[in-house]
Every structure is written in structure tokens, then in C-alpha cells.
Amino acid sequence: VELPEGPVFSRSSIGTFFQDKPLLKNPFLEDALLRSYLRRHLPSRDVEEDLTKFGERIVEEIDALGLDCEENPPRLKHFDAWGRRVDRILTCPAWARMKEISAEEGLVAAGYERRYGEWSRVYQMSKIFLYAPSAGLYTCPLAMTDGAAKVIEPLGGASSVEEAFQRLTSRDPKRFWTSGQWMTERKGGSDVASGTETVAWPQDNGTYKLQGFKWFTSATDADMTLTLARIPDKDGHTKQGSGGLSLFYAEVRDGQGDLNGIEVQRLKEKLGTRQMPTAELLLHGLPAHLISVEGRGVASIANMLTLTRIHNTVSAVASMRRIIQMSREYATKRFVFGKFLKNHPLHVQTMARMEVETRAAFLLMMKVCHLLGREEGGVASGMELHLLRLLTTVAKLYTGKQAVAVVSEGLECFGGQGYIEDTGLPRMLRDAQVLSIWEGTTNILALDVLRCISKTSGQVLDSFFADVKMKTLGVAAGHALLPAVGAVNGALSGLGEFMRSAVRRPPSVMEMAARDLAYSLARVYMGALLINHACWDEASPADVYAALRWCEQDLCPVVTKDARGNYDPKTEAMDSALVYE
Ligand code: UCC
Ligand code: FAD
């Protein structure tokens, strides 16, 4: 048989069809919920203009820089050409540019200038939310920088770290500093109390020198860091456990730019977050200032954890929002089985389910940011302070898991192309995977939920119940939202009963229930927030629909699982037998 004539599949011709790629459009203008949320709570022309402009900058400039950071990951140069140990972490110009942009845009500063009063954090985090999916992970150093500023701010102008506070919150790219957060050592990143071996040796001038080994230090090109260490007594003995840990401030480099008593052992080879250096550091005399009461290191770094966990939530929700924006754009361009993907009901249902998850997560994220803003503005009630403590943890643990699921589903929306590296899409899944690991794993945070409930003798829970009830009150008889309200109220009373029974149960049983409890708190609260947003005068039918869809699921898995015997005392042995059979 003769080959047909013509250029279509011969030699250099590889066919005539090429799929149009999905385009990134202004992520602010494309985000109906962010815009309606701001219209409702922070209706400022300045904010709208700034976010529109920033959205444009993300499309025009920042997104390409983010890809550059992925393609040019950091390297470690141990020695100079003459054999001297230098330990230089070499990052690409795009990474350096991200630092300048972060200062120019006030991505940390906006949280401390407090231009919008109690809504300042909402404004700041809206910017981070738009920035994160394009930032080449620069949001990681920004999170730690924000956390360090939060810890340092109350120390005041006379402290040895005032200059650092000014730099961390500066809008001047030449002055702007970033911070690290070195908590994890080889023995333990969750169990910091037993894992920390670093010793802080007192010096005659009142400062300290640190000796130890930090096992995970991200964005290690930072200018300063906060870290934990034990101060020895006069015999050189250190106190073990949490009560032996103190918090230190240290500058990473000296005036010449050389590392200050630090050796970089190696850079980690990571599944994701490859844009950013994560190093193992040997500290052999790092000069440091004590910035907490001795033995109060963990409690003092808790403020940093609050901020970094909120940033983690923002990045998680941002990754979900971005993958949906890209998926729905692609669905207008990909033509299969005789129509565009956007006209295939099953495909649209898949995206709608992702959208419901993202809306719920978004409202929880914003709630926590607003609570933080109220706390910092000095206007938060006792109930709101309880909610901030509880929901920071709940939001981080729940959205970290949601992000992996939604981004994974999102990649599938592109078919095979979702798996292809140079589309820029697989990176999103790799980077999402870390969100449930660092800053406290899911289980550790679930145990933190138990901790903060028991520390406040249940007051945190009382605040939670009261707030959920308040949020669902405004739904009038006959309203389309009533099934959702019924589901939330039903879940809430089940949760109440479960918690009342908790006092009769051994602590190990409550530990087994911790993750389901945290998930229940998340789902119930997200339901209440969706209902509340859908009750707003200017809410859209989609807002009502999202609330109804969310509340169709099991809002209170802790009750369902309890009824199925998941936390019976004998279950622990059965689980163990199952896993190790
Ligand atoms: O992973 C890291 C950086 C990654 C890069 C940054 C990414 C940022 C997001 C970017 C997005 C792109 S840094 C490492 C993070 N490490 C952790 O998160 C540690 C996880 N482990 C825990 O959270 C544990 O629960 C510990 C370490 C807090 C447990 O410590 P202890 O010492 O065993 O716990 P205690 O004794 O219960 O707590 C000591 C004190 C208590 O206060 P007092 O003594 O006044 O009763 C606790 O109430 O600390 C208080 N505390 C807290 N306070 C503990 N946790 C908290 C909290 N979350 N909030 C307030
Ligand atoms: P482990 O504590 O050993 O946990 C292992 C597993 O056991 C987890 O699933 C955990 O949930 C579970 N587990 C542990 N205890 C319990 C319990 N009591 N009950 C039930 N389950 C439990 N750290 C820093 O300090 N600074 C950084 O800059 C930093 N950057 C990082 C960057 C990356 C990319 C990664 C991956 C990690 C980074 N970390 C950093 C470390 C991170 O914070 C820790 O890895 C994390 O907190 C978990 O600690 P671990 O690795 O010791 O895990």
C-alpha cells in the first residue's frame, strides 16, 4: 500500500492539532468568593484596586518567576575554589526577586501596619492567598518571617531584637529580612520536648553560643532565625523535657556575609518544595540572644506556630483555588466526545465538588485571619480568643488534607497533561503534600485540639458551640438553607453528647478519637460559615447551593465512628493486630 501524499504526518510534520493550554487569568478577578467576601466585610476601593493590580502582577511577572524557582533549585557550595569551607547556599535570581517583591508588596508589613484595623490580617492574607500558587514557595520564608515578627513585636523597642522587628516588617527591599524557624532535631520534630539536644552556653556579655544539630531548616538563606535550646546549669547539666527549653534569636551571618558558627551539612532532597533550600545545620557556637523566660521556649514559640499554621492554611486553600481556576479554564478549551469538557455534566460535577471543598476551606481560613486581626487590634472577646486558639489548629490540619485531595483531583481534570512536568501542574501536588506534615502533622494537631480543650476546661468548646449556633440563627422558616441548618444542628448536638461522655472515657480512648473529633469540628464550623455567608443579602444562588452540598456529608464523623465502636478500649489491640499481621 502506498503512503498517502501530503504533509500531515510526514518527516517533520507531526499533525495539525495542538491543544490550547490553560491560561492563568487575574486570580483576584477570577475569584467570585474572595471578591464577595471582601465586598461584605472590607468594602474598600483601595483594597480592591491593590488586589486587582497585584493579580495583574502575578500574571505578568510573578508566575514566571515561580516557575523559574522550580526549574533552578538551590545548590550548596561547600568549598571555594581554593579549598576553603564556605557553605554557600546558591539560589536563583528569581528567588532573590521574590524577596524584593514581597517587601514592595508589603506581604509581611501589611499585617503590622494595621491600616485596616481588625481587617488588616484579612487584607494581608488575601494578598498571600493570591501570591502563594505563583510564588515558587517564597510564602514559606514569609510565613516564618511573619511568625518571628509576631514573637518579637511584644518584646518592645528596648530589646536587642528591635532592629530585627523593623527589618522583618519593612517594605524596603534593601532592609527587608526573612527569618527561619529551627525547631526540629533528629530525635523529634513533633516531640520537640524530648528531641531537642541543642545547648546554649552562656557568655560573659549576657549572650549565648549554641551547639547542636538542626535536622530540618527551611529557607535556610534567611537572615535570622528563632530556635530552641537548653541552658546548662553551672555544672553543665541541662534540664530535660519541655521545661528545659528556652527560645533564642540568632543572626545567621556576620557582617561579612559568612555563616555565624554554622556549618551546612547538606541540602535535603525533597519530594516537593524544591524551589526552596531546606538544610541540615550543625551549630558550633552560633551567637544567640535569649528572648523567652528560661524554660518557656515552647510556650513562647507558640505565637510563631500560630502564624505559620495560619499561613499554611492560606497556602492550602490557595492551591485548591488555583487548580480549580486552571481546570475550569481548561474545560472551556478541551473538546472531547463532541463537546467541550465544560459541557460534560460528570466533569462539571467533579469540579463543583472541588469548588464546595474550596469554598468551605476559604471561609474557615478567612475566619481565622479575622480573629487574628481582632486579637491584634485588642478588640477580641474572650470567646474569640478561644476560637482563635482552636480554629488555627483545626484549619491547618483540615485544609492540609483537603489540599492534597483537591489538587490531586484537579490534576486529573487535565488528563495525561496533568501528569506532565513542564505544564507546571505536578509541582502543585508535590508542594501540597508537605502542608499536612510540617508545622505539626495531622495527628499532632489533633492532639493539640484535645490539649486546648482540656487546658481551658472546655471553655474553648463552649465558645465553639455558641458561635456555631449564632451563625445559623438568621435562617428564616421556609428558607432553602433549612436542610443545611438542620444538619449542622444535628451534628452539633451529637458532638455535645460525645464530649459530655468524654469525661467518663480513658485518655487513650480520647486520643484515638482526636482526629475524628478535629474533623468534626472543622466540618461543622465550615457548614456554619457557608450557611452564614449564604444568608447575606447579596449572596448568590451558588452560595446557597454550596452550603447545602457541604452539609450533605457526615458532618460529625466522631459520633458515627463512636457508634461503630472505633474507640472501644479493645480497638487499640485490634488496630495493632490488623496493621502488624
Ligand atoms: O515545620 C516547620 C517549618 C516549616 C516551614 C514553614 C512553613 C510555613 C507555612 C508555609 C506555607 C507555604 S517548623 C517546625 C514546626 N514544628 C511543630 O509544629 C511542632 C509540632 N509539635 C507540636 O506542636 C507539639 O504539640 C509541641 C511541640 C507544641 C508539644 O510540646 P510539649 O512541650 O510537649 O507540650 P506542652 O508541654 O503541652 O506545651 C508547652 C506549652 C504549654 O503552655 P503552658 O506551659 O503555659 O501550659 C502549652 O499550652 O506550650 C503551650 N502550647 C501552645 N500554646 C503548645 N502548643 C501550643 C499552641 N499551638 N498554641 C498555644
Ligand atoms: P515524627 O514526629 O517522627 O512523626 C512520624 C509520624 O508519627 C507522623 O505521622 C505523626 O503524625 C505520628 N505521630 C507522632 N507522634 C504521635 C502521637 N503522639 N500520636 C499519634 N501520632 C503521632 N522543621 C523545622 O523546625 N524547621 C523547618 O524549617 C522545617 N522545614 C521542613 C521542611 C520540609 C520540607 C519538611 C518535610 C519538614 C520540615 N520541618 C522543619 C520538619 C517538620 O516540622 C517535621 O518533620 C514535622 O513536625 C514532623 O516531625 P518528625 O519528622 O519528627 O515526625
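Which residues of α2 are buried? I took this up in a predicted model, where local features need pLDDT of at least 70 and side-chain atom pairs count only at pLDDT 80 or more, while totals for chains, interfaces and linings use all residues. Residues are numbered from 1 along each chain as its sequence is written, and side-chain values use heavy atoms, with hydrogens and water left out.

**Helix α2**

I listed the buried residues of α2 (under 20% relative accessible area, 1.4 Å probe, protein chains only) as Val 47, Asp 50, Leu 51, Phe 54, Gly 55, Arg 57, Ile 58, Ile 62, Leu 65, Gly 66, Cys 69 and Glu 70. I then looked up what these buried residues pack against, and found α1 (32-41), α3 (93-104), α5 (120-131), α9 (297-330) and α12 (426-433), with contact taken as heavy atoms within 4.5 Å; helices are DSSP runs of H or I with at least four residues, and strands are runs of E with at least two.

I noted a kink of about 50 degrees in α2, centred on Ile 58, where the bend is the angle between axes fitted to the seven residues ending at a residue and the seven starting there.

**Strands β4, β5 and β9**

I next followed β5 (residues 208-218), which runs antiparallel to β4 (residues 199-202) and is joined to β4 by four bridges; two strands pair if DSSP finds at least two bridges between them. Ala 200 has Leu 210 in β5 as its bridge partner, and in the hairpin, with five residues between the strands, Gly 206 takes a positive phi near 90 degrees.

I also found nine bridges between β5 and the antiparallel β9 (residues 278-290), where Leu 283 is the bridge partner of Gly 212.

Conventions. Chains are lettered from A and ligands numbered from 1 in the order in which they are written. Buried means under 20% relative accessible area, exposed over 50%, partly exposed in between (1.4 Å probe, protein chains only).
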